[in-house]
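I opened the notebook to go through this structure one feature at a time. My entries follow in the order I looked things up.

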Amino acid sequence: MAKSITHEFVKGLWEEVPPFRLVLGLCPTLGVTTKMQFGIGMGLATTFVLVCANILVSMLRKAVPPKVRIACFIIIIATFVTLVELLMQAFAYPLFLQLGIFIPLIVVNCIVLGRAEAFASKNGLFLSIADGLGIGIGFTLSLAALGALREILGAGTITLWEGIELVNLTSIFPGFQPFQFMVQAPGAFICLGIMLCGMNMVGNR
Amino acid sequence: MGEMIKMVVVLTILSSLSGGVLAYVKENTKEQIEMQVLQLVKGPAIKSIFKDATNDPVADRFSIEENGTQHDFFVAKIDGKTMVAFETAGKGYGGDVGLVVGIDTTEDKVYGVGVTTHSETAGLGSKAKDDPKFAAQFAGVDIKGPIEVGNPINALSGATITSDAVCSAAAEAGEIYARLKPQIEEQLQAFK
């Protein structure tokens with residue numbers, strides 16, 4: 001298969017979009033998407049880690065002995081995750097408060113380790129960057145979509161970023177009652193299921 | 001044997017580099033993080049308790065160390081009285097519930113409380129922070145106790161565990177205050 005940078009980038013957006021197509025990284029997908037802004041924040045943090053980890057893993061792929069490669073990948077990933085955690089605390093503290101434990105948990109996000117092992121350790125630098133960016137943006141968009149769906153049903157709003165509300169149903173329909181079930185944990189599973197089903201129906205045509 | 005050495009060397013270099021980078025970043029973001037915590041977590045709670053203060057309670061602060069733990073006290077002046085506020089925590093339904101307790105040092109009564117961090121259920125336990133009526137019950141309560149659900153605090157309906165957490169945090173604040181009172185008064189001299 002001829003590999004082009006565009007192909008590696010685009011595949012992450014639909015064909016291999018992590019939570020829906022690969023069904024990977026479900027812990028943050030289900031955990032943080034109570035609001036669209038948390039989904040976006042989580043997605044961007046993961047994208048940063050993914051791209052940086054892919055760059056380093058790809059650059060070091062010839063130097064790292066195969067037997068300890070997983071250990072090396074984990075060191076690299078954990079370093080970047082801690083970096084994100086510190087930077088987020090310093091510069092985006094409200095977001096850090098909301099995402100909380102899910103930021104350190106990016107270390108065990110199987111998307112990141114999965115891309116390092118399955119892609120970056122076998123491919124060149126530029127392909128790996130494209131792959132990391134594609135998968136990361138795909139992940140961000142999925143989380144944002146799931147977050148938007150849950151937020152509009154569960155709270156009647158869609159928040160793009162802290163303080164920026166795109167839609168507010170209560171101001172359009174004063175009698176709107178939020179469907180709070182959607183922003184609680186079981187609602188996440190049901191939303192994810194419905195979205196997966198929708199994507200499969202579109203994809204199977 | 002050569003492979004073995006290579007594994008050890010690669011892992012060692014990688015770990016040391018990682019440690020170095022992280023130590024550097026941590027050292028450089030430390031101040032910024034402390035400021036953020038102060039401004040965005042404790043700050044709003046402190047300011048909501050002491051809204052009538054004539055000074056800036058977030059800026060006027062001191063700390064007392066007790067058995068290795070550091071307590072930060074925020075000083076406010078209202079109507080010529082001196083108040084202190086500090087943070088404690090109680091075990092809630094979804095983890096620790098942080099509570100800033102403001103104490104009137106002349107009468108040893110609670111002046112006001114404010115929830116800082118929590119991960120309680122939205123719409124139920126989260127009312128401890130969002131419903132001002134719940135926090136208002138604490139005003140004027142004797143800091144020596146008892147501070148518990150039912151006496152004199154009414155629980156939030158549907159959030160008994162959260163209400164317990166807030167009350168136990170306030171009661172703990174009372175204990176800390178009683179223990180450290182001499183030191184607190186000594187430190188307060190500087191702000192008079």
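**Entry 1: an aspartate in chain B**

I started with B:Asp72, which is partly exposed at 27% relative accessibility. The model is a predicted one, and I kept that in mind throughout. I then looked for the salt-bridge partner of B:Asp72. B:Lys42 forms the bridge, with the closest N and O atoms 3.9 Å apart. I noted that this pair links distant parts of the chain: B:Lys42 sits in helix α1 (residues 2–49) of chain B and B:Asp72 in strand β2 of chain B, 30 residues apart. B:Lys42 counts as buried because its relative accessibility is 15%, and the cut-off for buried is under 20%.

**Entry 2: the hairpin around β2(B)**

Next I asked what stands opposite B:Asp72. I found B:Ser63 there. B:Ser63 belongs to the uncovered face of strand β1 (residues 61–66) of chain B, together with B:Arg61 and B:Glu65. The covered face of β1(B) is made by B:Phe62, B:Ile64 and B:Glu66. I looked up the pairing as well. β1(B) and strand β2 (residues 69–78) of chain B run antiparallel, joined by six bridges. The hairpin has two residues between its strands. Within this hairpin I marked B:Asn67, whose phi is positive, near 45°.

**Entry 3: aromatic rings**

I searched the whole structure for aromatic pairs and got seven over all chains. One pair I wrote down is B:Phe73 with B:Phe86. The pair is tilted, 4.9 Å centre to centre with 55° between the planes. B:Phe73 lies in strand β2 of chain B and B:Phe86 in strand β3 (residues 81–92) of chain B, so this pair ties together parts 13 residues apart in sequence. Are these rings buried or exposed? B:Phe73 is buried, at 0% relative accessibility. B:Phe86 is buried too, with a relative accessible area of 1%. I followed the ring pairs further and found that they link B:Phe62, B:Phe73 and B:Phe86 into a cluster. B:Phe62 is on the covered face of β1(B), so I tied this entry back to the hairpin.**Entry 4: positive phi outside glycine**

Most residues other than glycine have a negative phi. I listed exceptions. A:Val23 has a positive phi near 45°. A:Val23 lies in the loop between α2 (18–22) and α3 (26–32) of chain A. I recorded A:Val23 as partly exposed, with a relative accessible area of 38%. In chain B I noted B:Asp108, with a positive phi near 55°. B:Asp108 is in the loop between β4 (95–104) and β5 (109–115) of chain B. At 15% relative accessibility, B:Asp108 counts as buried.

**Entry 5: salt bridges**

My search of the whole structure gave 14 salt bridges over all chains. What does A:Asp131 pair with? The partner is A:Lys11, with the closest N and O atoms 2.6 Å apart. A:Asp131 lies in helix α8 of chain A and A:Lys11 in helix α1 (residues 5–11) of chain A, so the bridge ties together parts 120 residues apart in sequence. I found both A:Asp131 and A:Lys11 buried.

I went back to B:Asp108. The side chain of B:Asp108 meets that of B:Lys181 in a salt bridge, 3.4 Å from N to O. This pair also links distant parts of the chain: B:Asp108 is in the loop between β4 and β5 of chain B, and B:Lys181 is in helix α4 (residues 160–188) of chain B, 73 residues away. B:Lys181 is partly exposed, with a relative accessible area of 22%. Last, I checked for shared partners. Salt bridges join A:Glu8, A:Lys11, A:Glu16, A:Arg115 and A:Asp131 into one network.

**Entry 6: a threonine in chain A**

I looked up A:Thr46, which lies in helix α4 (residues 36–59) of chain A. A:Thr46 is buried, with a relative accessible area of 1%. Which residues is A:Thr46 in contact with, leaving aside neighbours within four places in sequence? I found A:Ile106, A:Asn109, A:Val112 and A:Phe139.

**Entry 7: a nonpolar patch**

I closed with the surface of chain A. A nonpolar patch of about 630 Å² is made by A:Leu149, A:Leu153, A:Phe179, A:Phe181, A:Phe189, A:Ile190 and A:Ile194. α8 (125–154) and α10 (185–204) of chain A each supply at least two of the patch residues. The largest share, three residues, comes from α10(A). A:Phe181 lies in the loop between α9 (169–172) and α10 of chain A. I recorded A:Phe181 as partly exposed, at 31% relative accessible area. A:Phe181 can join the patch because membership needs over 30%.

Definitions and conventions:
Residues numbered from 1 in each chain as written. Chains lettered and ligands numbered in written order. Predicted model: local features only at pLDDT ≥ 70, side-chain atom pairs only at ≥ 80, totals over all residues. Heavy atoms only, no water. Buried < 20%, exposed > 50% of the residue type's maximum accessible area, 1.4 Å probe, protein only. Pairing = 2+ DSSP bridges. Patch = residues over 30% accessible without salt bridge, like charges linked within 9 Å, V, L, I, M, F, W, Y side chains within 5 Å. Areas by Shrake-Rupley, 256 points an atom, 1.4 Å probe, with all protein chains shown as cover. Salt bridge = Lys/Arg side-chain N within 4 Å of Asp/Glu carboxyl O. Phe/Tyr/Trp six-rings, centres within 6.5 Å; stacked < 30°, edge-to-face > 60°. Contact = heavy atoms within 4.5 Å.
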